[in-house]
Amino acid sequence: MCLLIAAAARNKFLVPAVLGSLLLPACTPDQPPLKPWREELAVIVLPDGNDTDQRFERHLVTLFAEQLHVQVQFMPLPSGQVMPSLLDRKAHFAAAGLRSTGTDHVQFGPVYQTVREQAVCNGVPVRNMKTLLKKNIAVVSGSAQEAALNEAQKSTPALHWHISENLTVSRLLGEVAEGRLECTIANSEQLALARNYYPDLDSALEIATPSRLAWAFSPGAAPELLAEAEKFFARIKQDGTLNRILDRYYGHSKRLESGDAVAFITRTRTVLPHIRGLFEEAATLTGLEWQLLAALAYHESHWDPLATSPTNVRGMMMLTEQTADRMGVTNRLDARQSIIGGARYLMQLKEKLPLRIREPDRTWMALAAYNQGLGHLEDARVLAKQQGYNQDRWIGVKKVMPLLAQPAYFKKVRHGYARGGEAVVLVETVRMHHDMLHNLPVGTVPRLIPPHDSGIALKKLK
């Protein structure tokens with residue numbers, strides 16, 4: 001077509017007719033034509049790849065592309081540009097937490113998550129729509145929350161709000177918590193995650209019917225692509241993959257109590273910068289993430305190198321004497337020795353698990369074994385299999401591990417009684433703290449104290 005325009009340019013009588021045709025858009029240099037979906041999937045996503053919602057969406061899309069044996073091209077766009085770009089057929093579909101109601105212009109795939117849309121306001125939670133009418137509300141343009149407000153406005157015409165083009169839901173929640181915005185709308189999972197950073201956030205009002213989230217396909221999308229999406233979601237729902245992915249990203253989000261979240265965030269600002277280097281050193285030695293090791297140490301000792309329990313586990317990583325000896329730790333109260341010893345022990349536990357257990361389940365089970373031992377973890381895996389769960393998936397094992405404290409179960413397993421519930425709490429709490437360390441600004445704060453001086457610095461902080 002561009003050649004035709006060039007030819008027309010040589011004939012002044014053809015130029016107006018050609019330029020008035022559909023040829024120009026096809027020649028736009030910065031907009032390559034969309035490849036067939038069987039060659040490459042072009043998928044619109046939201047820009048913040050570190051956001052929990054977006055990591056979840058990208059995970060699903062990657063699995064879908066693997067099923068189709070094709071490459072995927074992620075196209076990050078602000079929420080307000082998702083639908084216009086999809087209507088212009090610039091992508092095959094959008095995976096952006098979209099509410100699958102309210103438009104007849106696109107086709108939606110199967111629902112993969114249902115979440116409640118809630119009004120979140122600074123101060124006392126609003127309890128009815130009448131009170132909400134007096135509030136200054138901001139929501140993300142083109143989001144499921146804006147769609148929910150459009151639905152609510154049908155029964156409450158006086159409801160009004162303004163849209164934000166550049167902020168995310170999590171950032172708007174932060175503005176509400178910090179008093180710079182009166183209200184926003186967030187779904188139940190977004191609010192649960194945000195409350196770990198802003199414990200005072202709360203909601204008592206659902207503004208519309210729950211959002212049924214789904215992928216949106218461009219107008220005229222190939223029926224074969226829609227059929228493949230149907231098959232994909234039917235499979236991952238039937239074999240439990242969808243539940244496992246939901247648990248991976250959201251299953252631990254409600255674990256922390258308000259006071260726990262405040263204490264953790266405070267210590268990330270006052271204590272962690274002084275000892276981050278020790279966790280990084282241990283991570284280099286073992287290949288584990290420093291954030292994971294820091295999260296485990298916080299659960300064990302609240303980053304107190306002198307911590308001691310009534311059962312004589314001691315130090316930053318709360319090692320037993322036996323474990324310390326095996327890991328070459330001569331002084332459990334030395335922060336560096338404890339962290340490196342604990343990291344090596346966790347890595348050793350991971351290596352002893354059956355090779356068929358894949359990540360992230362492998363890490364979660366190793367953490368459970370760190371708390372209760374490999375023998376009790378194996379007992380829980382046996383119970384999981386007996387009760388119809390996949391013994392190689394944490395989502396099933398965590399359901400039965402607390403049963404090891406009940407005589408009806410621990411009398412029938414090899415290693416007997418265990419405080420299995422403690423192991424589950426440890427794993428889920430460490431998961432939450434691990435995610436928080438990835439998202440908090442402290443993740444970019446440099447070490448304040450070199451590793452060899454961290455023990456001295458900690459003593460001064462005490």
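Y417 is partly exposed, with a relative accessible area of 46% (buried is under 20%, exposed over 50% and partly exposed in between, using a 1.4 Å probe and protein chains only). This is a predicted model, so local features need pLDDT of at least 70 and side-chain atom pairs count only at pLDDT 80 or more, while totals for chains, interfaces and linings use all residues. Residues are numbered from 1 along each chain as its sequence is written, and side-chain values use heavy atoms, with hydrogens and water left out.

**Aromatic pairs**

- The structure holds 17 aromatic pairs (rings of Phe, Tyr and Trp, the last by its six-membered ring, with centres within 6.5 Å; planes under 30 degrees apart are stacked, over 60 edge-to-face and the rest tilted).
- One of them is the tilted pair of F64 and W215, with 5.4 Å centre to centre and 55 degrees between the planes.
- F64 lies in helix 4 (residues 52-68) and W215 in strand 10 (residues 211-217), so this pair ties together parts that are 151 residues apart in sequence (helices are DSSP runs of H or I with at least four residues, strands are E runs of at least two, and both are numbered from the N terminus).
- Both F64 and W215 are buried.
- Y417 pairs edge-to-face with F410, at 5.5 Å centre to centre and 85 degrees between the planes.
- F410 is buried, at 19% relative accessible area, whereas its partner Y417 is partly exposed at 46%.
- F64 and W215 also belong to one aromatic cluster, along with F56, F93, Y112, F217, F232, F233, Y249 and Y250.
- There is a charge over a ring too: R58 lies over the face of F74, 5.3 Å from the ring centre (the cut-offs are NZ of Lys or CZ of Arg within 6 Å of the ring centre and within 35 degrees of the ring normal).

**Salt bridges**

- A search of the whole structure turns up 19 salt bridges (a side-chain nitrogen of Lys or Arg within 4 Å of a carboxyl oxygen of Asp or Glu).
- R171 and E178 meet in one of them, at 3.1 Å from N to O.
- In that pair R171 is partly exposed at 28% relative accessible area, and E178 is partly exposed at 39%.
- D247 bridges to R431, with the closest N and O atoms 3.3 Å apart.
- D247 sits in helix 11 (residues 241-250) and R431 in helix 21 (residues 420-439), so the pair ties together parts that are 184 residues apart in sequence.
- Both ends of that bridge are covered: D247 is buried at 12% relative accessibility, and R431 is buried at 1%.
- R393 and D361 make another salt bridge, with their closest N and O atoms 3.4 Å apart.
- R393 is in the loop between helix 18 (374-386) and helix 19 (394-400), while D361 is in helix 17 (residues 361-372), 32 residues apart.
- Here R393 is partly exposed at 24%, but D361 is buried at 8%.
- Shared partners join D247, K398, E428 and R431 into one salt-bridge network.

**Helix 17**

- The 12 residues of helix 17 should span 16 Å at 1.5 Å a residue, and its end C-alpha atoms are 16 Å apart, which agrees (the expected span is 1.5 Å times one less than the number of residues).
- Helix 17 is mostly covered, with 11 of its 12 residues buried; among them are D361, W364, Y370 and Q372.
- Its cover includes helix 14 (290-301), helix 16 (335-352), helix 18, helix 19 and helix 21 (contact means heavy atoms within 4.5 Å).
- Right after helix 17 comes G373, whose phi is positive, near 100 degrees.

**Helix 11**

- Helix 11 is largely enclosed by the rest of the structure, because 8 of its 10 residues are buried.
- Its buried residues include D247, Y249 and Y250.
- Among the elements covering them are helix 4, strand 5 (113-115), helix 9 (188-194), helix 10 (223-238), helix 19 and helix 21.

**Strand 6**

- In strand 6 (residues 117-121), 5 of its 5 residues are buried.
- E117, A119 and C121 point one way, Q118 and V120 the other; in a regular strand the side chains alternate between the two faces of the sheet.
- Strand 6 runs antiparallel to strand 9 (residues 183-187), joined by 5 bridges (strands pair if DSSP finds at least two bridges between them).
- E117 has N187 as its bridge partner in strand 9.
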